[in-house]
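This report introduces a molecular structure to a reader who has not met it before. Please keep the sequence and the structure in view while reading.

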Amino acid sequence: MQFVQLLISGISQGCIYGLMALGFVLIYKATETVSFAQGELMMLGAFCALALMTVAGFPFWLAVPASIAAMGLFGMGLERAVIRPILGQPAFSIVMLTIGIGYVLRGLVTMIPVIGTETHQLPVPYQDLSFRLGALVLSAGQLVVMLATGLLCAALFALFRYSKLGVAMQAAAQNQLAAYYMGIPVQRLDGLVWALAAAVAAVAGLLLAPVTFVHANMGLIGLKAFPAAVVGGFSSLPGAIVGGLLIGIVESLSGFYLPEGFKDIAAFIVVLVMLMLRPNGLFGEPLRKKV
Amino acid sequence: MRFLFKTSYAQDLRLARHGGHVFWYGLLCLALVLAPWVVQEYWLAQLSFVLIYAIVGLGLMLLAGFTGLFSLGHAAFLGVGAYTQAGLTGIGWPFALALVCAAALSAAAGWVVGLPALRVKGIYLGMATLSFGFIVEELFARWESVTGGNAGKHLAPPQVWGLSLESGTAFHFLCLGLTVVCTLAVLNLLRSPTGRAFVAIRDSEISAQSMGIHLARYKTLSFSLSAALAGIGGALYAHKLQFISPDQFGIMQSIDLLLMVVVGGLGSVHGAFLGALFLIAMPQLIALGKDWLPATIGQAPGLQAVVYGAVLIAFVLFEPMGLYGRWLKLRTWLQMFPFYRRGMFKRQRSFQKSERLR
């Protein structure tokens with residue numbers, strides 16, 4: 001029973017890693033860069049919802065879509081302002097750029113007097129609810145996390161499978177130049193992808209907020225989502241979720257069964273093992289250039 | 001403007017290209033030697049830090065700037081060096097022997113990390129080094145019998161041949177000497193076949209391979225050498241602070257080191273020094289600027305992070321060659337004075353090159 005309980009908490013934590021990893025994968029697929037600012041975008045999303053609810057007095061169900069939309073716009077603006085000018089440069093410069101963006105966002109939030117340095121609680125309506133299922137205790141927060149992740153995955157799947165936009169994104173992800181020649185506005189798509197990634201990050205932030213509270217350093221959890229993306233394969237959307245779940249479960253189980261200290265690095269050990277066994281991840285397609 | 005007409009291969013290999021180099025670098029060395037009698041104790045300590053970070057920066061520059069492999073966990077090597085030095089001098093080993101061991105152990109750690117570098121590339125390598133950094137940091141925190149855990153570990157001032165280097169001046173000379181040795185070593189390495197192989201790997205792995213360069217050997221070698229330099233830097237760092245704890249060697253330190261080489265200018269030895277100078281000078285400049293800003297902004301805790309991030313963004317966007325690139329442009333402008341064209345250093349825009357296909 002305890003095992004199942006641990007499994008469930010691992011899965012709900014893993015969903016959050018998976019959502020974060022989804023953001024990495026979206027950006028990686030489209031622009032072949034890795035955004036180190038993803039965790040900070042998540043933090044910003046949570047703060048945005050917090051501000052909407054406590055300062056502007058929005059009800060919860062309005063604040064959530066509003067903050068997701070706001071983060072989407074923010075992501076698009078970010079791409080337009082700083083990422084686009086250096087497209088075509090080596091991937092490493094964009095990585096450094098996103099590290100810089102992360103620093104700035106975290107610093108700016110910290111700089112807001114009083115609010116920035118403290119820990120806040122996002123007033124969610126399902127805060128104290130929990131269900132009993134035999135000997136299992138399921139908190140409403142965990143259920144909401146799993147449910148929301150499932151819905152978001154379905155929505156993304158539908159977007160990529162059935163909409164023209166999603167197909168265009170796939171085309172651009174496979175070969176930017178060819179997609180450009182086919183009349184796909186690659187640059188505008190990049191902006192949309194960043195918007196999508198920022199919105200997904202905001203969802204992750206909102207789901208994480210009741211668990212860890214809202215504070216300026218909550219973005220550091222993004223570092224745990226890298227392993228999730230790598231394990232799943234950096235170029236596979238379902239892989240990101242599977243990787244996230246795997247990391248979450250491993251972390252939860254190692255926290256209980258292994259000596260203290262293993263919980264924090266379990267994810268990274270999994271990554272190293274993964275890179276040695278299958279450098280392309282579980283779902284990554286091995287690509288090779290033929291000369 | 002000076003024109004150099006090379007008439008022999010020896011001329012092409014010379015460390016100092018012309019008399020001007022000898023003069024100016026000699027002057028710089030002289031200034032650094034005379035520094036203890038000119039500057040105050042505090043600034044001398046900062047200068048020592050610049051030299052220490054320059055050694056680490058040289059190592060990372062070798063890896064990131066010249067071989068094109070990026071390490072997001074470089075602080076771990078720094079930590080391996082620091083803890084080795086602390087442990088060995090703690091049980092009474094002489095300074096020099098402990099330093100060699102620190103460098104050797106870091107190099108061994110670098111070799112281990114270099115192994116995955118043979119299979120993975122780009123961001124996957126970043127993840128591997130990041131994971132290594134996290135694991136080592138946790139190891140430092142948990143292996144209490146050796147590292148003292150989170151409580152940290154104290155070091156005695158270094159003893160060189162029975163001579164205690166407790167004073168700032170003596171330590172400054174130690175750092176200066178090691179920096180000069182490391183710089184000469186790196187410069188010589190870079191003009192040797194090994195250094196050429198590193199640059200070839202950076203520019204194109206496929207063409208390097210087809211020229212007969214053993215990729216695996218040179219990549220692990222690059223990691224080891226880079227880690228060894230970081231280990232030396234770490235040992236000096238531990239002695240300078242006389243106290244080390246695991247959180248000094250975390251992800252933030254790794255990112256600081258990357259920031260250092262990027263701001264200094266990737267792919268130039270000058271860049272390592274300029275970056276180190278920048279990294280040490282930045283907090284001072286921010287502290288100075290604080291007094292000018294209104295109190296609500298100046299005293300806010302996040303100011304330093306914002307400035308660091310903004311500087312990083314500005315450099316990547318506007319000056320990818322870093323501080324050294326800025327200096328190159330200034331020098332070229334001065335040399336060609338009325339004839340400098342604006343577009344001389346302009347980057348070519350290109351479609352993104354896929355890193356997935358390699």
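The sections below describe a surface patch, a pocket, the cavities and the salt bridges in turn.

The model is predicted, and the values given here should be read with that in mind.

## The nonpolar surface patch

A nonpolar patch lies on the surface of chain B, with about 1,300 Å² of accessible area together. Its members are Phe23(B), Trp24(B), Leu27(B), Leu30(B), Val33(B), Leu34(B), Trp37(B), Val38(B), Val39(B), Tyr42(B), Trp43(B) and Phe173(B). Two elements of chain B, helix H2 (19-38) and helix H3 (41-66), give two or more residues each to this patch. The greatest contribution comes from H2(B), with 8 residues.

Val33(B) is one of the patch members and is found in helix H2 of chain B. Its relative accessibility is 35%, so Val33(B) counts as partly exposed, a class that lies between under 20% for buried and over 50% for exposed.

## The second largest pocket

Helix H2 of chain B also takes part in a pocket. This pocket, the second largest, has a volume of about 2,300 Å³. It is lined by 47 residues, of which His21(B), Tyr25(B), Leu187(B), His270(B) and Tyr324(B) are the closest to its centre.

Several helices of chain B supply at least two residues each to the lining: helix H1 (9-13), H2, H3, helix H8 (168-190), helix H9 (193-203), helix H13 (269-292) and helix H16 (322-335). H2(B) gives the most, with 10 residues. By class, the lining of this pocket divides into 29 nonpolar, 11 polar and 7 charged residues.

## The cavities

How many cavities of 30 Å³ or more does a search of the whole structure find? The search finds 2.

The largest cavity holds about 190 Å³ of space. Of its 18 lining residues, the closest to the centre are Phe36(A), Glu40(A), Arg106(A), Leu223(A) and Ile255(B). Elements of both chains give two or more residues to this lining: helix H2 (38-54), helix H4 (91-111) and helix H9 (222-232) of chain A, together with helix H12 (251-264) of chain B. The largest share, 4 residues, comes from H4(A). The lining of the largest cavity comprises 10 nonpolar, 6 polar and 2 charged residues.

The second largest cavity has a volume of about 70 Å³. Its lining consists of Leu26(A), Lys29(A), Ala30(A), Phe160(A), Met169(A), Gln170(A), Ala173(A), Val193(A) and Leu237(A). Within chain A, helix H1 (2-31) and helix H6 (164-174) each supply at least two of these residues. The classes represented are 7 nonpolar, 1 polar and 1 charged.

## Salt bridges

Over all chains, a search of the whole structure finds 9 salt bridges. Among them are the three pairs in the table.

| Salt bridge | N to O distance |
|---|---|
| Arg106(A) and Glu40(A) | 2.8 Å |
| Lys6(B) and Asp12(B) | 3.0 Å |
| Glu319(B) and Lys329(B) | 2.9 Å |

Arg106(A) and Glu40(A), joined in a salt bridge, are also among the residues closest to the centre of the largest cavity. Arg106(A) lies in helix H4 of chain A and Glu40(A) in helix H2 of chain A, so the pair ties together parts that are 66 residues apart in sequence. Are these two residues buried or exposed? Arg106(A) is buried, with a relative accessible area of 14%, and Glu40(A) is likewise buried, at 4%.

In chain B, Lys6(B) forms a salt bridge with Asp12(B). Lys6(B) counts as partly exposed because its relative accessibility is 44%, and Asp12(B) counts as partly exposed at 38%.

The salt bridge between Glu319(B) and Lys329(B) links distant parts of the chain, 10 residues apart. Glu319(B) is in the loop between helix H15 (303-318) and H16 of chain B, whereas Lys329(B) is in helix H16 of chain B. Glu319(B) counts as buried at 5% relative accessibility, and Lys329(B) is buried with a relative accessible area of 15%. Together with Arg326(B), these two residues are linked in a network of salt bridges. Helix H16 of chain B, where Lys329(B) lies, also supplies at least two residues to the lining of the second largest pocket.

Methods: Residues numbered from 1 in each chain as written. Chains lettered and ligands numbered in written order. Predicted model: local features only at pLDDT ≥ 70, side-chain atom pairs only at ≥ 80, totals over all residues. Heavy atoms only, no water. Patch = residues over 30% accessible without salt bridge, like charges linked within 9 Å, V, L, I, M, F, W, Y side chains within 5 Å. Areas by Shrake-Rupley, 256 points an atom, 1.4 Å probe, with all protein chains shown as cover. Salt bridge = Lys/Arg side-chain N within 4 Å of Asp/Glu carboxyl O. Buried < 20%, exposed > 50% of the residue type's maximum accessible area, 1.4 Å probe, protein only. 1 Å grid on protein atoms, 1.4 Å probe; cavity = no way out; pocket = protein on both sides within 12 Å on 5 of 7 lines; lining within 4 Å. Points joined across faces, edges and corners; volume = space filled by probe spheres on them. Nonpolar A, V, L, I, M, F, W, Y, C, P; charged D, E, K, R; others polar.
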